[in-house]
Amino acid sequence: METCIIKSPLGFTKIIGNHKGITSITILNTEEKTTNIIPEVLEDCAIQLNEYFIGSRKQFNLKLNPGGTNFQKKVWKQLERIPYGKTLSYLELSKQLGSIKAIRAVANANSNNPLWVIIPCHRVVGSNGSLTGYAGGLHRKKWLLEHESPYKQQSLF
């Protein structure tokens, strides 16, 4: 496995993967040294993440290889279908997956998403639209949703 660390507007981001695909993207809560030479198998991921953060990319085109159970992978595939700039509730996501009763399992799979931003778990909100549970911190979830929003807040000054 190859590893690199890049800087994003939300902190330092660690990318792990190999020729089979990207296995992990995590936001770090500590300051880290960025990687000077990004391994070739991770270059495209680093480029696409940077494009996303500057606002020129709305969809990712990467070979992914996350580890997880079959159920988790099914949830993550469904998360990838949530369009840029849109949100979905945990209840709606559970319905799409065929079982309202699986809402807790769906929420758990969502929280164990190993591919931060690429699999957009930040687009899942509470039934009332509230920002609920986000492994990267609610301040980051809020930032990501505002970044993707077609309605940008205008400055009053």
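Trainee: Which residues does Leu42 touch, not counting residues up to four places away in sequence?
Mentor: This is a predicted model, and Leu42 has its place in helix H1. With a relative accessible area of 0%, Leu42 is buried, because buried means under 20%. Not counting residues up to four places away in sequence, Leu42 touches Glu2, Thr3, Cys4, Ile15, Ile16, Gly17 and Ile22.

Trainee: How many Å apart in space are Leu42 and Lys77, C-alpha to C-alpha?
Mentor: Leu42 and Lys77 are 35 residues apart in sequence. In space, their C-alpha to C-alpha separation is 21 Å.

Trainee: Is Glu51 buried or partly exposed, and what is its relative accessible area?
Mentor: Glu51 has its place in helix H1. Leaving aside its neighbours within four places in sequence, Glu51 is in contact with Ser56 and Arg57. The cut-off for buried is under 20% and for exposed over 50%. Glu51 therefore counts as partly exposed, with a relative accessible area of 25%.

Trainee: Which helix gives the most to the largest nonpolar core?
Mentor: The largest nonpolar core has 34 residues, and those with the most contacts inside it are Ile15, Ile25, Leu49, Leu79 and Trp116. Two or more residues come from each of strand S1 (2-8), strand S3 (21-27), helix H1 (40-54), helix H2 (70-79), helix H3 (90-96) and helix H4 (103-111). With six residues, the element that gives the most to this core is H1.

Trainee: From which domains does this core draw at least three residues each?
Mentor: In soluble globular proteins, nonpolar side chains tend to be buried together. The domain assignment of the protein gives two entries, domain 1 (2-54) and domain 2 (70-148). The largest nonpolar core draws at least three residues from each of domain 1 and domain 2.

Trainee: How many Å apart do the C-alpha centres of domain 1 and domain 2 lie?
Mentor: The two domains are in contact, with 15 residues of domain 1 meeting 13 residues of domain 2. Their C-alpha centres lie apart by 21 Å.

Trainee: Which residues does Trp116 touch, not counting residues up to four places away in sequence?
Mentor: Trp116 is among the residues with the most contacts inside the largest nonpolar core. Not counting residues up to four places away in sequence, Trp116 touches Ser8, Leu10, Thr13, Ile25, Thr26, Ile27, Phe53, Tyr134 and Leu144.

Trainee: What is the phi of Val117 near?
Mentor: Val117 has its place in the loop between H4 and strand S5 (124-125). At 1% relative accessibility, Val117 counts as buried. Most residues other than glycine have a negative phi. Val117 has a positive value instead, near 70 degrees.

Trainee: Are H2 and H4 roughly parallel or roughly perpendicular?
Mentor: The axes of H2 and H4 come within 9 Å and cross at roughly 80 degrees. Angles from 65 to 115 degrees count as roughly perpendicular. The crossing angle therefore makes H2, relative to H4, roughly perpendicular.

Trainee: How many nonpolar, polar and charged residues has the contact of H2 with H4?
Mentor: From H2, the contact is made by Phe71, Gln72, Val75, Trp76 and Leu79. From H4, Ala105, Val106, Ala109 and Asn110 take part. By class, the contact has seven nonpolar, two polar and no charged residues.

Trainee: How many Å apart in space are Leu88 and Arg123, C-alpha to C-alpha?
Mentor: Leu88 is found in strand S4 (residues 88-89) and counts as buried at 11% relative accessibility. Not counting residues up to four places away in sequence, Leu88 touches Ile82, Leu93, Gln96, Arg123, Val124 and Val125. Leu88 and Arg123 are 35 residues apart in sequence, while their C-alpha to C-alpha separation is 6.3 Å.

Trainee: How many Å apart in space are Glu146 and Gly85, C-alpha to C-alpha?
Mentor: Glu146 lies in helix H5 (residues 138-148). Glu146 is partly exposed, with a relative accessible area of 45%. Glu146 and Gly85 are 61 residues apart in sequence, and in space their C-alpha to C-alpha separation is 8.4 Å.

Technical notes: Residues are numbered from 1 along each chain as its sequence is written. Side-chain values use heavy atoms; hydrogens and water are left out. A nonpolar core is a set of buried Ala, Val, Leu, Ile, Met, Phe, Trp, Tyr and Cys residues joined through side-chain atoms within 4.5 Å. Buried means under 20% relative accessible area, exposed over 50%, partly exposed in between (1.4 Å probe, protein chains only). Helices (H or I, at least four residues) and strands (E, at least two) are DSSP runs, numbered from the N terminus. Domain bounds come from an automatic or database domain assignment. Contact means heavy atoms within 4.5 Å. Axes are lines fitted to C-alpha atoms, for helices over the stretch in contact, and angles run from 0 to 180 degrees between N-to-C directions. Angles under 35 degrees count as roughly parallel, over 145 as roughly antiparallel, 65 to 115 as roughly perpendicular and the rest as oblique. Ala, Val, Leu, Ile, Met, Phe, Trp, Tyr, Cys and Pro count as nonpolar, Asp, Glu, Lys and Arg as charged, and the others, Gly among them, as polar.
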